[in-house]
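The exercises below are meant to be worked through with the sequence and the 3D view open side by side. Try each task before reading the solution that follows.

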Amino acid sequence: MTISLEELQLATRNHGMPLEALRHDVTPVGLHYLLVHYDVPVVDPATWTLEVGGAVERPLTLTLDDLRLRHTETLAVTLECAGNGRALLDPRAISQPWLREAVGTGEWTGTPLAGLLEEAGVAPGAREVLFSGLDRGVEAGMAQAYERSLALDDALRPEVLLAWGLNGGVLPPQHGFPLRLVVPGWYGMTSVKWLARITVLEQPFEGYQNARAYRMRASEDDPGVPVTRMMPRALLAPPGVPEFMTRRRFLAPGPVTLEGRAWSGWAPVESVDVSTDGGATWAAAELDDPVGEFAWRRFSLTWDAPPGEHELCVRCRDAQGNTTPETPPWNVGGYANNALHRVLTTVG
């Protein structure tokens with residue numbers, strides 16, 4: 001596998017969560033995965049405002065203080081990049097070369113979007129809500145702000161937040177200061193950062209990030225279907241210690257707790273299975289209570305590790321029957337690769 005200089009440049013700007021951080025219920029801010037599409041804008045909170053307009057009866061212009069006076073909630077939410085696992089597909093899509101680390105769980109503080117839309121008075125013919133960020137760039141030869149829309153019903157879900165805080169502190173610049181959208185259950189590209197404008201639309205949004213990017217396509221000519229909710233995934237916190245270059249794991253023989261996290265954007269995770277022989281046999285792991293309704297769930301299994309070479313695997317199933325596959329269908333963008341997590345381990 002050859003990584004281009006352009007991809008390496010993306011990889012140095014963005015970063016994944018070290019998998020040993022799966023042991024935290026809530027990911028420390030500096031370890032949470034990060035993807036910045038264009039540049040991190042410098043925003044003066046004293047002059048920043050949020051515009052709410054389009055097909056509404058009462059357009060709004062709100063400062064950060066105005067938003068903080070409204071009803072406030074804090075939700076633990078697991079966010080995962082849609083491209084998580086992209087670099088493991090063959091052939092590989094050329095973009096940010098994620099392995100499995102593009103995930104994190106934060107405690108996001110803000111005000112529910114539904115209350116703001118109700119205050120503005122959504123027009124009867126409204127169909128979608130468009131979210132526009134302050135970050136700008138060029139894709140497919142077009143200069144654009146990062147913008148994405150949600151169907152009105154999805155935007156009105158009570159868990160959708162306009163967040164100004166993370167893990168009890170101020171929202172950091174790289175995570176969208178001063179305000180970002182947080183859409184629980186959906187892949188991270190939906191949660192627009194550096195939010196500046198909310199526009200209620202009577203027609204579907206045809207901008208690049210909806211109409212061309214983030215679509216599951218079998219070929220370049222396939223219009224595809226939108227990437228939406230996170231597919232079920234289970235990740236193992238690497239046991240023992242790593243070899244520096246390969247990250248292969250080494251541990252002593254005897255009892256060891258294998259643990260990790262599992263999540264799905266479609267329904268709660270109901271079961272996690274662990275294999276220590278490459279998937280030939282499986283054992284059910286114990287599940288802790290979820291960190292929150294929209295956050296990952298810890299699993300654990302005690303393994304009496306015998307000397308030798310082992311391939312550890314994990315898989316999960318959610319309440320709708322969605323499971324982690326051995327090999328998911330290939331797609332042009334390299335999205336939603338939720339294949340089994342395999343960890344090569346030497347015991348002894």
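**Exercise 1. The cysteines**

Does Cys 81 count as buried or exposed, and at what relative accessibility?

*Solution.* Before starting, note that this is a predicted model, in which local features need pLDDT of at least 70 and side-chain atom pairs count only at pLDDT 80 or more, while totals for chains, interfaces and linings use all residues. Residues are numbered from 1 along each chain as its sequence is written, and side-chain values use heavy atoms, with hydrogens and water left out.

The scale comes next: buried means under 20% relative accessible area, exposed means over 50%, and partly exposed lies in between, with a 1.4 Å probe and protein chains only. Cys 81 has a relative accessibility of 5%, so it counts as buried.

The next step is to look for a bonded partner, where a disulfide is a pair of cysteine sulfur atoms within 2.5 Å. For Cys 81 the closest cysteine sulfur belongs to Cys 316 and lies 18 Å away, which is too far for a bond. Cys 316 is likewise in no disulfide, since its nearest cysteine sulfur, that of Cys 313, is 13 Å away. Cys 316 is also buried, with a relative accessible area of 4%. A search of the whole structure finds zero disulfides.

**Exercise 2. The chain as a whole**

Find how many helices and strands the chain has, and then judge its overall dimensions.

*Solution.* Helices (H or I, at least four residues) and strands (E, at least two) are DSSP runs, numbered from the N terminus. Counted in this way, the chain has five helices and 22 strands. The radius of gyration, taken over C-alpha atoms, is compared with a globule rule of 2.2 Å times the number of residues to the power 0.38. The chain has a value of 21 Å, close to the 20 Å that the rule gives for 348 residues, so it is as compact as a globular protein of that length. Along its principal axes, the C-alpha trace spans about 70 × 45 × 35 Å. Of the 348 residues, 54% are buried.

**Exercise 3. One face of a helix**

Which residues of helix H3 are buried, and how are they arranged around its axis?

*Solution.* Helix H3 covers residues 113–120, and its buried residues are Leu 113, Ala 114, Leu 116, Leu 117 and Ala 120. Seen down the axis of H3, these buried residues fall within an arc of 160 degrees (an arc of the directions from the helix axis to the C-beta atoms), so they line one face of the helix. The general background is that an α-helix has 3.6 residues a turn, so residues three or four places apart point the same way. After H3 comes Gly 121, whose phi is positive, near 80 degrees.

**Exercise 4. The four-stranded sheet**

Trace the open sheet that contains strand E13, and say which strands stand at its edges.

*Solution.* Two strands pair if DSSP finds at least two bridges between them. The order of this open sheet of four strands is E13-E16-E20-E19, with antiparallel pairing. Strand E13 (233–236) and strand E19 (286–287) stand at the edges with a single partner strand each, so one side of each is left without a neighbour in the sheet.

Four antiparallel bridges join E13 to strand E16, residues 254–263, and there Leu 236 stands opposite Gly 260. From E13, Arg 233 and Leu 235 point one way while Ala 234 and Leu 236 point the other way, and all are buried. At the other edge, E19 pairs with strand E20 (residues 297–305) over two antiparallel bridges, and the bridge partner of Glu 286 in E20 is Ser 300.

**Exercise 5. The six-stranded sheet**

Which strands make up the open sheet of six, and what is its pairing?

*Solution.* The strand order is E14-E15-E22-E21-E17-E18, and the pairing is mixed. Strand E14 (241–242) and strand E18 (283–284) stand at the edges, each with a single partner strand, so one side of each is left without a neighbour in the sheet. Within this sheet, strand E15 (residues 249–251) runs parallel to strand E22 (residues 341–347) and is joined to it by three bridges. The bridge partner of Arg 249 in E22 is Thr 345.
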